[in-house]
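Colleague: I'd like to go through this model with you and ask how each label was earned. Could you set the values against the cut-offs as we go?

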Amino acid sequence: MSTGWQEVGDGVFVRRHAELDLNCGLVVGDGACLVVDTRSHLGEAADLVAAVRAVTPHPWTVVNTHAHYDHCFGNAAFRPAPVWGARGCAPALLATGESQRAAAVAELEATGDRRAADLVRGAPVDPPDHPVDDMAVLDVGGREVVLRFLGRGHTDHDLVVEAETTGEQTVVFAGDLVEEGAPPAFEDSWPAEWPATLGRLHALARGPVVPGHGAVVDAAFVGGQREELLAVLAALREDRLHDGPYPPATMRTAASRLRSR
Ligand SMILES: [Zn+2]
């Protein structure tokens, strides 16, 4: 398929983008579909919309895994559809949207990408309007998709999307609770709680696990990342920042987040 989708389960697709190595998801049911995350601005979202339309003509529902701009600044391109997010997602986006925009624009301008910087500058902040407390079960054209808040980790509002496929298999979209190809991002994290949250995710994974960024992984990878996060916590608590599983800058960010709790 030339639109960049990889089918990781029956009717469940992942699209991995060159920009930020970001993954978006698509679950196709009978007469309805579900889109997971909407990219960084309306230009990227329009590209995603076209890619979805190359697979299915069905109306969509949208889920945001969390309120970081690269996962939700494209939301407006999918309206008037409902957008689901964890209870804390909309308040977080409303509180931090403009500061995220400023940081992203500065970063893009520093790399010389004026076009993307302008597009991020113009992206509407359009928060989720369907909040999830602990769990919501969606019927996506006859297929069950479960949205779960499993606890704090990468942020205080990470939402996990679990799509049933054939047999006992599921595909889990983990957002940035799981990161492949780079260290997990700790800027808004809850380092003391993240390992337990990943433990719950590990317990329910039965098949492919799609991280927010990077290659599709599996339950064993999630278990391994939980071990790394436990090692981070141990190193921070014993003041051995140089001794953790991630680079010093990552460890310092994690340390500052742990101290600020
Ligand atoms: Zn994130």
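Colleague: Why is Asp21 called partly exposed?

Modeller: Its relative accessible area is 24%. Buried would need a value under 20% and exposed one over 50%, so Asp21, at 24%, falls in between. Do keep in mind that this is a predicted model.

Colleague: What is notable about the phi of Asp21?

Modeller: Phi of Asp21 is near 55°, which is a positive value in a residue other than glycine. Asp21 sits in the loop between β2 (12-16) and β3.

Colleague: And what about Arg39, is that residue buried or exposed?

Modeller: Arg39 has a relative accessible area of 2%. The limit for buried is under 20%, so Arg39 counts as buried. Arg39 also has a positive phi, of about 75°, although it is not a glycine. Its place is the loop between β4 (33-36) and α1 (42-53).

Colleague: What makes the peptide bond from Arg79 to Pro80 cis?

Modeller: Its omega is near 10°, and the bond is cis. Pro80 belongs to the loop between α2 and β6 (83-86).

Colleague: Let's turn to the threonines. How do you know that Thr65 is buried?

Modeller: The relative accessible area of Thr65 is 2%, and buried means under 20%, so the label follows. Thr65 lies in the loop between β5 (60-63) and α2. Not counting residues up to four places away in sequence, Thr65 touches Val36, Asp37, His71, His157, Asp158, Leu159 and Gly175.

Colleague: Which of the two words, buried or exposed, fits Thr197?

Modeller: Thr197 has 1% relative accessibility; with the cut-off for buried at under 20%, Thr197 is therefore buried. This threonine lies in helix α5. Leaving out residues up to four places away in sequence, Thr197 touches Leu150, Gly151, Arg152 and Leu177.

Colleague: Now helix α4. Why do you say that Ala116, Ala117 and Val120 are on the same side of α4?

Modeller: In α4 (residues 114-121), these three residues are buried. They cover an arc of only 105° around the axis, which puts them on the same side of α4. In general, an α-helix has 3.6 residues a turn, so residues three or four places apart point the same way.

Colleague: What lies on either side of α4, then?

Modeller: The buried residues of α4 pack against α3 (89-110). The face turned away from the buried side carries the exposed residues Arg114 and Arg115.

Colleague: Which residues have the most contacts inside the largest nonpolar core?

Modeller: They are Val178, Phe186, Leu198, Leu201, Val209, Val232 and Leu236, in a core of 26 residues. Two or more residues each come from β11 (170-179), α5 (194-204), α6 (219-237) and α7 (248-260), and α6 gives the most, with seven. Leu201 touches Leu150, Val160, Val172, Ala174, Val178 and Val222, not counting residues up to four places away in sequence. Apart from this core lies another, of 22 residues, among them Val27, Ala32, Ala86 and Leu147.

Colleague: What makes the space of about 60 Å³ a cavity instead of a pocket?

Modeller: In a cavity a 1.4 Å probe fits but cannot get out, whereas a pocket is an open set. The count comes to one cavity of 30 Å³ or more, and about 60 Å³ of space lies in the largest cavity. Of the 13 residues that line the largest cavity, the closest to its centre are Asn23, Val36, Asp37, Phe173 and Pro211. That lining divides into six nonpolar, six polar and one charged.

Colleague: And what volume does the largest pocket have?

Modeller: About 520 Å³. Of its 21 lining residues, the closest to the centre are His68, Tyr69, Asp70, Ala185 and Glu187. Helix α3 gives the most to this lining, with four residues. The lining of the largest pocket divides into nine nonpolar, six polar and six charged.

Colleague: Where does the largest share of the lining of the second largest pocket come from?

Modeller: From α4, with three residues. The second largest pocket has a volume of about 270 Å³. Of the 14 residues that line this pocket, the closest to its centre are Glu19, Glu44, Leu108, Asp113 and Ala116.

Key. Residues are numbered from 1 along each chain as its sequence is written. This is a predicted model: local features need pLDDT of at least 70, side-chain atom pairs count only at pLDDT 80 or more; totals for chains, interfaces and linings use all residues. Side-chain values use heavy atoms; hydrogens and water are left out. Buried means under 20% relative accessible area, exposed over 50%, partly exposed in between (1.4 Å probe, protein chains only). The arc is that of the directions from the helix axis to the C-beta atoms. Contact means heavy atoms within 4.5 Å. A nonpolar core is a set of buried Ala, Val, Leu, Ile, Met, Phe, Trp, Tyr and Cys residues joined through side-chain atoms within 4.5 Å. On a 1 Å grid over the protein atoms alone, a cavity is a set of points where a 1.4 Å probe fits but cannot get out, and a pocket is an open set with protein on both sides within 12 Å along at least five of seven lines; lining residues have an atom within 4 Å of a point. Grid points are joined across faces, edges and corners, and a volume is the space filled by probe spheres set on the points. Ala, Val, Leu, Ile, Met, Phe, Trp, Tyr, Cys and Pro count as nonpolar, Asp, Glu, Lys and Arg as charged, and the others, Gly among them, as polar.
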